[in-house]
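The following exercises ask the reader to locate side-chain pairs, rings and backbone features and to reason about each in turn. Each task is followed by a solution in steps.

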Amino acid sequence: MNIAFAGFRHDHVYTLVKWAKEAENLKIIASYETHEDSILKAEDKGIKITHRDYDELLKNESIDIVAVADYYSARGDMVIKALKAGKHVIADKPLCTSLEELNTIEKLSEEKGLKIGLMLDLRYMAASLAAHDFIRSGGLGIVHNISFGGQHSLNYGVRPGWYFEEGKQGGTINDLAIHGIDLVRYITGLGVSRVFAARCWNAYAKDVPHFKDSAQFMAELDGGAGLIADVSYSMPNVKSFSPKQTWRFTFWGEKGILEFNYADNFVELTLNGEDEVKILRSKNSDSNPLLDFLADIQCKGTDLDTRNVLKSTRDTLKIQRAAL
């Protein structure tokens, strides 16, 4: 199959380019960008920009897949256009920034039999796999309470400037919480059934007061489990290590507590009646979001398929809307 890249406004796209180059039977045949600095950066990384007109790129019938990585609020329309042109789509997160866009994307995907992929890579961590296997096997019993933190560094002046242009980021919950919402779904099988409270506000980016860098919410999951989360741009700027607090998850069930974080490759488990904390380990996954997306196109069974991408995106957008 042939893939084209549309947009290089976020560095996540270069991980997707790497995956595409490594994938068997997948060829990069075109790329689109209009932002001059992004064009220069892409070319410095060995990527030739073939198109400056997105509609012209979509006319190429040889393209099977479009990878979308423009600024966030531009993505929904780009995804919709690609689907209308008969292309499968994989995107950096978020897929889009409104429920209206998502409704159109879901309808086109179903009508045309096209697949949607998303770079939800937290699923593939060793700790995530260990937590998934233990909880899905019933080791924690019924899960009643979940919390996660997805704090990130603001990196104002380093992060792409469009982040701080009004209307382009589309909301910090939709920006960051999609990873946590999707990982909770993967580990427990639970989606969001009701949003109780959600708030976004400006706390750290004082130079751009319209940018709501802090975000918290409370929701009910399927079956009645409760979720509380914080996904603020509140992490200190650090250079030489990845803080454990960048992502951390806690699950409380009938039989005990399970915890893990982004920096470690293991899970800590405290069970009723035990005298010490247990450590659970798993190997890193051999897969990635692109490989699962390609498997989905081929109708092979995969956990990160179009259905789960759309469900996790919808849950996150519902929470983001509640914060407005």
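**Exercise 1. Salt bridges of helix α4**

Lys81 is partly exposed, because its relative accessible area is 31% (buried means under 20%, exposed over 50%, partly exposed in between, with a 1.4 Å probe and protein chains only). The model is a predicted one, in which local features need pLDDT of at least 70 and side-chain atom pairs count only at pLDDT 80 or more, while totals for chains, interfaces and linings use all residues. Residues are numbered from 1 along each chain as its sequence is written, and side-chain values use heavy atoms, with hydrogens and water left out.

Task: Determine which parts of the chain are tied together by the salt bridge of Lys81 and Asp55.

Solution.
1. The side chains of Lys81 and Asp55 meet in a salt bridge at 3.4 Å, N to O (a side-chain nitrogen of Lys or Arg within 4 Å of a carboxyl oxygen of Asp or Glu).
2. Lys81 belongs to helix α4 and Asp55 to helix α3 (residues 54-58), so the bridge ties together parts that are 26 residues apart in sequence. Helices (H or I, at least four residues) and strands (E, at least two) are DSSP runs, numbered from the N terminus.
3. Asp55 counts as partly exposed because its relative accessibility is 39%.
4. A second bridge joins the side chains of Arg75 and Asp92 at 2.9 Å, N to O. Arg75 lies in helix α4 and Asp92 in the loop between β4 and α5, so this pair ties together parts that are 17 residues apart in sequence. Both Arg75 and Asp92 are buried.
5. The structure holds 17 salt bridges.

**Exercise 2. A salt bridge within one helix**

Task: State where Lys318 and Asp315 lie.

Solution.
1. Lys318 forms a salt bridge with Asp315, with the closest N and O atoms 3.9 Å apart.
2. Both residues lie in helix α9 (residues 306-322), three residues apart, about one turn of the helix.
3. Lys318 is partly exposed at a relative accessible area of 31%, whereas Asp315 is buried at 6%.
4. Elsewhere, salt bridges that share partners join Asp55, Asp77 and Lys81 into one network.

**Exercise 3. The surroundings of Asp70**

Task: Is Asp70 buried or exposed, and with which residues is Asp70 in contact, leaving aside its neighbours within four places in sequence?

Solution.
1. Asp70 lies in the loop between β3 and α4.
2. Asp70 counts as buried because its relative accessibility is 7%.
3. Leaving aside neighbours within four places in sequence, the contacts of Asp70 are Ala6, Gly7, Arg9, Tyr32, Arg75 and Met78 (heavy atoms within 4.5 Å).
4. Among these contacts, Arg75 and Met78 are also listed with the buried residues of α4.

**Exercise 4. Aromatic rings**

Task: Classify the aromatic pair that Tyr71 and Trp162 form.

Solution.
1. A pair of aromatic rings is described by the distance of the centres and the angle of the planes.
2. The structure holds 18 aromatic pairs (rings of Phe, Tyr and Trp, its six-membered ring, pair if their centres lie within 6.5 Å; planes under 30 degrees apart count as stacked, over 60 as edge-to-face and the rest as tilted).
3. Tyr71 and Trp162 are 6.3 Å apart, centre to centre, with 45° between the planes, and form a tilted pair.
4. This pair links distant parts of the chain, 91 residues apart: Tyr71 is in the loop between β3 (65-68) and α4 (72-84), and Trp162 in the loop between β6 (143-149) and α7 (172-188).
5. Tyr71 is partly exposed at 22% relative accessibility, whereas Trp162 is buried at 2%.
6. For Trp247 and Phe249, the ring centres are 5.9 Å apart and the planes at 15°, so that pair is stacked. Both Trp247 and Phe249 are buried.
7. Tyr71 and Trp162 belong to one aromatic cluster, whose members also include Tyr156 and Phe211.

**Exercise 5. Backbone features**

Task: Which residues are joined by a cis peptide bond, and where does Asn25 lie?

Solution.
1. The cis peptide bond joins Lys93 and Pro94, with omega about -5°.
2. Pro94 lies in the loop between β4 (88-91) and α5 (99-112).
3. Asn25, a residue other than glycine, has a positive phi near 60°.
4. Asn25 is placed in the loop between α1 (12-22) and β2 (27-32), and counts as exposed at 71% relative accessibility.
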